[in-house]
Amino acid sequence: MIRRLRFALLALLFPVFSVSASAQKPAFTVLAFYSTNVERDHVDFAEQALKFYATSAKKHDFVFESTTNWDDLNPTRLQHIRVVLWLNDSPHTESQRKAFEDYMQHGGGWLGFHVAAYNDADTHWPWFLEFLGGGVFYGNNWPPLPAALSVDDKASPVTRNLPAHFISPANEWYIWQPSPRANKNVRVLLTLDQSNFPLGLKDTLVGGDLPVVWTNTKYRMIYMNMGHGDKIFDDPHQNLFFEDALLWLAKKQH
């Protein structure tokens, strides 16, 4: 009788242990790529971003990994990665590029910052240009300055914690030609507010349509123009936005 009671008790407890073990499994894995042999301001941003997302991973129960080896852009390494971050650089070889294309075309997630989207006549990566929405780097302000940003899409879960307007910390702001907004697949989330112009001292932005954060709805991706220098994580609104963007990408189904 005692033995039967013991087995019955174990049977009742076992599912609880199973559920508990399952609940402790991290929700997803993020892999951040960065380089240390690039512009110092871009390295400074990457170092701060690594700390920021490592803290976020503990808070939201996901695995955050990082690498300076861009050869980790390969099918084997990416197999169980839910979102890839490019913090201050982009792929250097054809095999790295091809692996990233395949990853994104099969539902992978991407969050790219600042120079990660840089492309010009010498880039020779047509797929990446389409992926970004068609915009080619055209210029920037200098020196890095704070700027007022406007929220274009207030209904997006990515922007839900942002005020309609806020001041983004000092950054180098890019111009894209044509504007990504012209692409029917692009959904612009944030734009440089017209009140900023003229913006710059040496190199000046005088006006126009300058999206700074957008997603190409054909993919599970977000590009953010922020990422130059060590001031990027100085604003709590923007920090929460960075976090919300990653969580949205991780949970979004493509």
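Setting aside neighbours within four places in sequence, Leu 190 is in contact with Leu 149, Ser 150, Val 151, Asp 152, Leu 162, Phe 166, Pro 211, Val 212, Val 213, Met 226 and Phe 241. Leu 190 belongs to strand E9 and is buried, with a relative accessible area of 0%. The model is a predicted one. Its chain has 254 residues, and buried residues make up 53% of them.

**The chain as a whole**

- Six helices and 11 strands are found in the chain.
- The accessible surface of the chain is about 12400 Å², and carbon and sulfur atoms account for 56% of that surface.
- Of the contacts between residues at least 6 apart in sequence, 75% join residues at least 24 apart.

**The nonpolar cores**

- The largest nonpolar core has 48 residues, and those touching the most other members are Leu 85, Leu 87, Leu 190, Met 224, Met 226 and Phe 242.
- Helix H6 gives the most to this core, namely eight residues.
- Apart from this core lies another one, of 29 residues, which includes Leu 31, Trp 70, Phe 128 and Tyr 219.
- In soluble globular proteins, nonpolar side chains tend to be buried together.
- Met 224 touches Leu 111, Gly 112, Phe 113, His 114, Val 212, Val 213, Phe 241, Phe 242 and Ala 245, not counting neighbours within four places in sequence.
- Leu 190 and Asn 225 are 35 residues apart in sequence, while their C-alpha atoms are 9.8 Å apart in space.

**Strand E1**

- Strand E1 covers residues 29-33, and five of its five residues are buried, so the strand is largely enclosed by the rest of the structure.
- On one side of E1, Thr 29, Leu 31 and Phe 33 are buried, and on the other side Val 30 and Ala 32 are buried, so that both faces are covered.
- E1 pairs with strand E2 (residues 63-67) in the parallel sense, over five bridges.
- Ala 32 has Ser 66 as its bridge partner in E2.

**Helix H4**

- Helix H4 has 12 residues and reaches 16 Å from its first C-alpha to its last, close to the 16 Å expected at 1.5 Å a residue.
- The buried residues of H4 are Gln 96, Arg 97, Ala 99, Phe 100, Glu 101, Tyr 103 and Met 104.
- These buried residues pack against helix H3 (75-78), strand E3 (83-86), strand E4 (109-113), helix H5 (126-132) and strand E11 (220-224).
- After H4 comes Gly 107, which has a positive phi, near 100°.
- Within H4 (residues 94-105), Glu 94 and Arg 97 are three residues apart, a separation of about one helical turn.
- An α-helix has 3.6 residues a turn, so residues three or four places apart point the same way.
- The side chains of Glu 94 and Arg 97 form a salt bridge, at 3.7 Å from N to O.
- Glu 94 counts as exposed, at 58% relative accessibility, whereas Arg 97 is buried, with a relative accessible area of 12%.

**Other salt bridges**

- The structure holds 11 salt bridges.
- One of them joins Lys 59 and Glu 243, whose closest N and O atoms are 3.2 Å apart.
- Lys 59 lies in helix H2 (residues 40-60) and Glu 243 in helix H6 (residues 236-251), so this pair ties together parts that are 184 residues apart in sequence.
- Lys 59 is exposed, at 55% relative accessibility, but Glu 243 is buried, at a relative accessible area of 6%.
- Asp 152 and Arg 181 also meet in a salt bridge through their side chains, at 2.9 Å from N to O.
- That pair links distant parts of the chain, 29 residues apart: Asp 152 is in the loop between strand E6 (145-151) and strand E7 (165-171), and Arg 181 is in the loop between strand E8 (174-177) and strand E9 (186-192).
- Asp 152 is partly exposed, with a relative accessible area of 36%, and Arg 181 is partly exposed, at 34% relative accessibility.
- Arg 40, Asp 44 and Glu 47 are joined into one network by salt bridges that share partners.

Methods:
Residues numbered from 1 in each chain as written. Predicted model: local features only at pLDDT ≥ 70, side-chain atom pairs only at ≥ 80, totals over all residues. Heavy atoms only, no water. Salt bridge = Lys/Arg side-chain N within 4 Å of Asp/Glu carboxyl O. Helix = DSSP H or I, 4+ residues; strand = E, 2+ residues; numbered from the N terminus. Buried < 20%, exposed > 50% of the residue type's maximum accessible area, 1.4 Å probe, protein only. Core = buried A, V, L, I, M, F, W, Y, C linked by side-chain atoms within 4.5 Å. Contact = heavy atoms within 4.5 Å. Expected span 1.5 Å × (residues − 1). Areas by Shrake-Rupley, 256 points an atom, 1.4 Å probe, with all protein chains shown as cover. Pairing = 2+ DSSP bridges.
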